[in-house]
Amino acid sequence: VAISCPFGGDHRQGLVYIYNGYFEGLREKPSQVIVGQWAAGAFPASFGFALRGAQDLDMNGYPDLIVGAFGVNKAVLYRSRPIVTTSASLVVSPTMINPEEKTCLITNGNSSVPVSCVNLSYCISADGKHLPANLDFQVEVQLDSHKQKGVVKRALFLDSQQPLFQKTVRVRHGERLCNHTKIYIRDEKEFRDKLSSIFVALNFSLDPKAATDSRGLRPILNYQTTNVIEQKVQILLDCGEDNVCVPDLKLAVHR
C-alpha cells in the first residue's frame, strides 16, 4: 500500500510511504520511504499529490507506481524490481571439536601437520516470479566472528588456512546450491581462550555487479530475508559431561 504525505519531510519536500501487508493487515513500519526531489518554495512541490499504482508499465511482472508532484507540474515513475525469496542454511558438524583427535592435515612448509577439524557446509536457494535463469550471490563465511579485529582467530579453513571465506556463487532459479568444506582449530599453544564458543557466521547478498535485465533492473532480496546466519562450535574440555568448566578460585591472606 502506498500512502502519500505531500507536505511531509523535514523540508516539506513530500513523502510516499510503502507499507507491506500480511495476514493481520499492514505492518507498523514502512518497508520504504520515497522522498520528493524538489525543494519546497513559496508554493510547495506537493510530491505525492496524486498516486497511481497497480499498473505494470515495463511489463516485468511487477506493478509500478506513478507519483505526481502538482506544484512543479511533474510525475515520477517508480519501477518495481523483481523480488528474490532466498533460503539459506549453515551446518557445522560435529559442533564439539576435540583437540586430541587430529584427523586432518595442513601443509606447513614442506611438512604436513595433523590438526583437529570439523565439517562445514552452507546451502542457498533462490526462487521468485519473473526472475532471470541465474542469480549471482556474494557469500562470506567468517570463523570466530565474535572475536575483535586483531585478535587471533582460533578456527581456520582447512584449504586456505584463513579465517574468512569469500566467493561469488551462481544459483539457478528454483534450485539449491551447496558447498562443503572443513575447518580446523589452531594448536592450543597459539591461543588462550578455550572456554568461549567459536561462532561461525554466514552472510550473503545479491551481487551488486550482476548484469541488469533487459529493462535495466536488478533483482532485490525480499526485505524479510535473514541474510546472516550463525552457528557455534565448542572446544571439548576436560570439564565433565556438560563440558562446562566452573572455576574454583580460593584466596588466602597471611599476615
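Mentor: A disulfide is a pair of cysteine sulfur atoms within 2.5 Å. Keep that in mind as we look at this predicted model.

Trainee: Okay, so why are C104 and C117 called a disulfide?

Mentor: Their sulfur atoms sit 1.9 Å apart, and the cut-off is within 2.5 Å, so the pair qualifies.

Trainee: What makes the disulfide of C104 and C117 right-handed?

Mentor: That comes from the torsion about the S-S bond, which is about 60°, so we call it right-handed. C104 belongs to strand β11 (residues 104-108) and C117 to strand β13 (residues 117-127), so the bond ties together parts 13 residues apart in sequence. Both C104 and C117 are buried, by the way.

Trainee: How do you know that C123 and C178 form a disulfide?

Mentor: Same sort of check: the sulfur atoms of C123 and C178 are 2.0 Å apart, and the rule asks for within 2.5 Å. This pair links distant parts of the chain, with C123 in strand β13 and C178 in strand β17 (residues 176-185), 55 residues apart. With a torsion of about 110° about the S-S bond, the disulfide of C123 and C178 is right-handed. By this rule, the count comes to two disulfides.

Trainee: Why is C123 called buried?

Mentor: C123 has 10% relative accessibility, and buried means under 20%, so C123 counts as buried.

Trainee: And why is C178 called partly exposed?

Mentor: The relative accessible area of C178 is 34%. Partly exposed lies between the 20% and 50% cut-offs, so the label fits C178.

Trainee: What about C5, why is C5 partly exposed?

Mentor: C5 has 30% relative accessibility, so C5 counts as partly exposed too.

Definitions and conventions:
Residues numbered from 1 in each chain as written. Predicted model: local features only at pLDDT ≥ 70, side-chain atom pairs only at ≥ 80, totals over all residues. Heavy atoms only, no water. Helix = DSSP H or I, 4+ residues; strand = E, 2+ residues; numbered from the N terminus. Buried < 20%, exposed > 50% of the residue type's maximum accessible area, 1.4 Å probe, protein only.
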